[in-house]
Amino acid sequence: MQSTPAQAADQPVISLRGATASLGSRPVLRGVDLSVHRGEVVALLGANGSGKSTAVRAVVGQVPLTDGELSLFGTDFKRFRSWSRIGYVPQRTTAASGVPATVREVVSAGRLARSRFGILRKADKAAVERALALLGMEEYASSSVNALSGGQHQRVLIARALAVEPELLIMDEPMAGVDLANQEVLANALREQKALGTTLLLVLHELGPLEPLIDRAVVLRDGCVVHDGPPPEAVGQHALPGHDHVHPHAAHDAEPLRTGLLS
Ligand SMILES: Nc1ncnc2c1ncn2[C@@H]1O[C@H](COP(=O)(O)OP(=O)(O)OP(=O)(O)O)[C@@H](O)[C@H]1O
């Protein structure tokens, strides 16, 4: 049944119920429940291969569910069409396509999805400049994306998603390949998004500078949710629970640090 606009406003922005999905012949999601409510910042955590990327790819329709239910903004996935309400930054891709384009052009391309008739008006251009500034990319705005470092690419892709001014922003490991100083820049950008009421679903390996922003953590293990609640404590700068983690300076025979939930 279709919700009325008032009912839809009360419903989770993301509601995934009993979701199962396979990649090849491998079952990767095995009954995942994940709800994200309006204005929440949710971290999706788990060891390598636990199914985090697959879960967010299922949410944006890139991986079909074999069972279970998905609704977005209170609308069943099959009827959902309002993709401009959602920004998605996939894991480790590049902003370069081989086609010469400047940073500003790539960020503007994100905004086109929201503009009328593919024409960028004053408000669209302002959103592009704001996103560039938020990610500290103004000085690169006229540079070719083919000449950027990996971390700079990542910031361009995030700026492109922010330029859309989405109500829901989904990011798969946004901090990957971003140096510490720019992690702070990114954390500030996301803090601003949160203050504006944007709903955020972030796949993370460690909370790092994003820790103060996180309202709730959902932890996956082998395609199942094993924790849904406050972020596990004392995860600090280390990988989260269960992420086997050996320090480079640890003794040879040291046991990997296992902090419980995910191991
Ligand atoms: N194209 C594919 N075909 C078959 N199996 C795949 C494919 N892509 C991923 N997998 C497997 O699915 C499982 C879940 O992968 P996924 O990328 O969702 O995990 P993740 O939790 O995001 O891991 P990471 O932290 O390493 O990014 C892994 O075991 C992975 O090997």
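Two strands pair if DSSP finds at least two bridges between them. Helices (H or I, at least four residues) and strands (E, at least two) are DSSP runs, numbered from the N terminus. The model is predicted: local features need pLDDT of at least 70, side-chain atom pairs count only at pLDDT 80 or more, and totals for chains, interfaces and linings use all residues. Residues are numbered from 1 along each chain as its sequence is written.

**View 1. The whole protein holds six helices and 10 strands.**
Of its 263 residues, 40% are buried. A buried residue has 20 or more other C-beta atoms within 10 Å of its own; with 12 or fewer it is exposed, in between it is partly exposed, and C-beta atoms are placed from the backbone. Among contacts with a separation of 6 or more, 67% join residues 24 or more positions apart. Contact means that the C-beta atoms of two residues, placed from the backbone, lie within 7 Å.

**View 2. Six strands form an open sheet.**
Their order is E6-E7-E8-E3-E9-E10, and the pairing is mixed. Strands E6 (86-89) and E10 (224-229) stand at the edges; each has a single partner strand, so one side of each lacks a neighbour in the sheet. From one strand to the next, the twist averages 15°. Axes are lines fitted to C-alpha atoms, for helices over the stretch in contact, and angles run from 0 to 180 degrees between N-to-C directions.

**View 3. Strands E6, E7 and E8 are joined by parallel pairing.**
Strands of a sheet pair through backbone hydrogen bonds, either parallel or antiparallel. Four bridges join E6 to E7. Here isoleucine 86 stands opposite leucine 168 of E7. Five bridges link E7 to strand E8 (residues 199-203). Here isoleucine 170 stands opposite leucine 201 of E8.

**View 4. Strand E7 is covered on both faces.**
In a regular strand the side chains alternate between the two faces of the sheet. Leu168, Ile170 and Asp172 are buried on one side of E7. Leu169 and Met171 are buried on the other. That makes five of five residues buried.

**View 5. Strands E9 and E10 pair in the antiparallel sense.**
Five bridges connect E9 (residues 216-221) with E10. Valine 219 has histidine 227 of E10 as its bridge partner.

**View 6. Helix H5 lies across E6 and E7.**
H5 (residues 150-163) runs at about 175° to E6. The 14 residues of H5 reach 20 Å from first C-alpha to last, close to the 20 Å expected at 1.5 Å a residue. The expected span is 1.5 Å times one less than the number of residues. In H5, 12 of the 14 residues are buried, so the helix is largely enclosed by the rest of the structure. Among them are Val156, Leu157 and Ile158. Their cover includes E6, E7 and helices H3 (103-112), H4 (122-134) and H6 (180-195). After H5 comes glutamate 165, with a positive phi near 50°.

**View 7. Residues of several kinds surround the ligand.**
The shell has two nonpolar, eight polar and two charged residues. Ala, Val, Leu, Ile, Met, Phe, Trp, Tyr, Cys and Pro count as nonpolar, Asp, Glu, Lys and Arg as charged, and the others, Gly among them, as polar. The surrounding residues include Arg26, Asn48, Lys52 and Thr54. Each has its C-beta atom, placed from the backbone, within 6 Å of the ligand. Strand E2 (26-36) and helix H2 (52-59) each supply at least two shell residues. The largest share, three residues, comes from H2.
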